[in-house]
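Let's walk through this model together, starting from one residue and working outwards. Keep the 3D view open as you read.

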Amino acid sequence: MSRKTKTGGTPATMALAKAKAEFTLHPYEHDAAAQAYGEEAADALGVPYERIFKTLVAEVESGLAVAVVPVAGKLDLKALASALNSKRAAMADAAKVERVTGYVVGGISPLGQRKQLPTVVDSSALDFETIYFSAGKRGLQIETAPDNLITLTRAVTAPIGKTG
């Protein structure tokens with residue numbers, strides 16, 4: 001993997017570069033009609049769905065929280081709530097998510113958000129040497145070691161993904 005050293009980029013790539021973390025950028029042609037952004041990225045890059053992670057934002061009692069789960073499955077809201085010592089979790093309103101994170105839906109990265117939110121990464125990420133997730137815009141994925149993501153977001157890991 002190469003480390004991006006030039007200035008500019010997205011807040012997510014700048015956060016990795018500032019931390020001197022190794023990562024690789026994977027651009028792909030985004031189809032404006034696509035609705036399943038993670039699956040689109042996996043198909044375009046030829047990467048198994050289990051290695052591409054989507055960033056979802058939920059409301060818990062303490063406010064917004066980030067969940068990072070494989071595109072191969074869905075977010076288990078009860079498991080997310082439990083991982084954050086909360087009684088409940090519900091998906092957050094898209095407009096609010098965009099306002100708080102600074103990213104557009106379909107391009108939300110767990111890194112470089114406007115405000116540091118509590119983050120939970122699905123424990124399956126630890127099964128891979130590297131994982132992929134949004135670099136902060138549609139059509140661009142970051143590949144890096146899961147530990148880089150976990151460290152930079154101060155995330156906890158828990159089994160928050162479910163199949164189906």
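## A valine at the centre of the tour

Valine 120 is buried, with a relative accessible area of 0%. Keep in mind that everything here comes from a predicted model. You will find valine 120 in strand E6. Setting aside neighbours within four places in sequence, valine 120 contacts Val66, Ala67, Val68, Leu80, Ala83, Leu84, Val156, Ala158 and Ile160. One of these partners can be checked by its backbone distance: the C-alpha atoms of valine 120 and valine 68 are 6.3 Å apart, although 52 residues of chain lie between the two positions.

## Strands E2, E3 and E6

From valine 120 it is a natural step to the strand pairing. E3 and E6 run parallel and are joined by 3 bridges, and valine 66 stands opposite threonine 119 of E6. E3 also pairs with E2, this time in the antiparallel sense, over 8 bridges. The two are linked by a hairpin of 2 residues. If you would like a bridge to locate on screen, try phenylalanine 53, whose partner in E3 is proline 70. How many of the 8 residues of E3 are buried? The count is 7, so E3 is mostly covered, given that buried means under 20% relative accessible area.

## Two nonpolar cores

The largest nonpolar core holds 25 residues, and Val121, Phe133, Ile142 and Leu149 have the most contacts inside it. At least two residues of this core come from each of helix H1 (11-18), strand E2 (52-60), strand E3 (63-70), strand E7 (131-137), strand E8 (140-144) and helix H5 (146-153). A second core, separate from that one, has 13 residues, among them Val60, Ala65, Ala79 and Ala81.

Phenylalanine 133 is a good residue to zoom in on. Not counting residues up to four places away in sequence, phenylalanine 133 touches Phe53, Ser109, Pro110, Leu111, Gln141, Ile142, Thr144 and Leu149.

## Histidine 26 and helix H2

Histidine 26 sits in strand E1 (residues 23-27). Its side chain makes a polar contact of 2.7 Å with the side chain of glutamate 143. Beyond neighbours within four places in sequence, the contacts of histidine 26 are Leu45, Tyr132, Gly139, Leu140, Gln141 and Glu143.

Between E1 and H2 the chain forms a loop, and alanine 34 lies in it. Is alanine 34 buried or exposed? At 14% relative accessibility, alanine 34 counts as buried. Its C-alpha atom is 9.4 Å from that of glycine 106, with 72 residues separating them along the chain.

Helix H2 (residues 37-45) comes next, with Gly38, Glu40, Ala41 and Ala42 as its buried residues. The buried residues of H2 pack against E2 and E8. Just after H2, glycine 46 takes a positive phi of about 70 degrees.

## Positive phi outside glycine

Most residues other than glycine have a negative phi. Two residues that do not follow this pattern are set out below, each with its loop and accessibility.

| Residue | Phi | Loop | Relative accessible area |
|---|---|---|---|
| Asparagine 85 | near 55 degrees | between helix H3 (77-83) and strand E5 (89-91) | 74%, exposed |
| Arginine 154 | about 55 degrees | between H5 and strand E9 (156-158) | 65%, exposed |

## The annotated domain

UniProt, in an unreviewed entry, lists residues 39-151 as "domain: YbaK/aminoacyl-tRNA synthetase-associated". Over residues 39-151 the chain is 25% helix and 35% strand. The end C-alpha atoms of this stretch are 26 Å apart.

## How far to trust the model

The protein has an average pLDDT of 91, and 95% of its residues score at least 70. Among the elements, strand E6 (residues 119-122) has the highest mean pLDDT, 98, while strand E10 (residues 161-163) has the lowest, 88. Our starting residue, valine 120, therefore lies in the element with the highest mean confidence.

Over residues 1-7 the pLDDT is below 50, and the model gives this stretch 18 contacts beyond near neighbours in sequence. Where pLDDT is low, predicted coordinates should not be read in detail.

Definitions and conventions. Residues numbered from 1 in each chain as written. Predicted model: local features only at pLDDT ≥ 70, side-chain atom pairs only at ≥ 80, totals over all residues. Heavy atoms only, no water. Helix = DSSP H or I, 4+ residues; strand = E, 2+ residues; numbered from the N terminus. Polar contact = N/O pair within 3.5 Å; in protein donor to acceptor, adjacent residues only side chain to side chain. Contact = heavy atoms within 4.5 Å. Core = buried A, V, L, I, M, F, W, Y, C linked by side-chain atoms within 4.5 Å. Buried < 20%, exposed > 50% of the residue type's maximum accessible area, 1.4 Å probe, protein only. pLDDT = per-residue confidence, 0-100. Pairing = 2+ DSSP bridges. UniProt positions renumbered as here; feature names shortened; annotations may be inferred.
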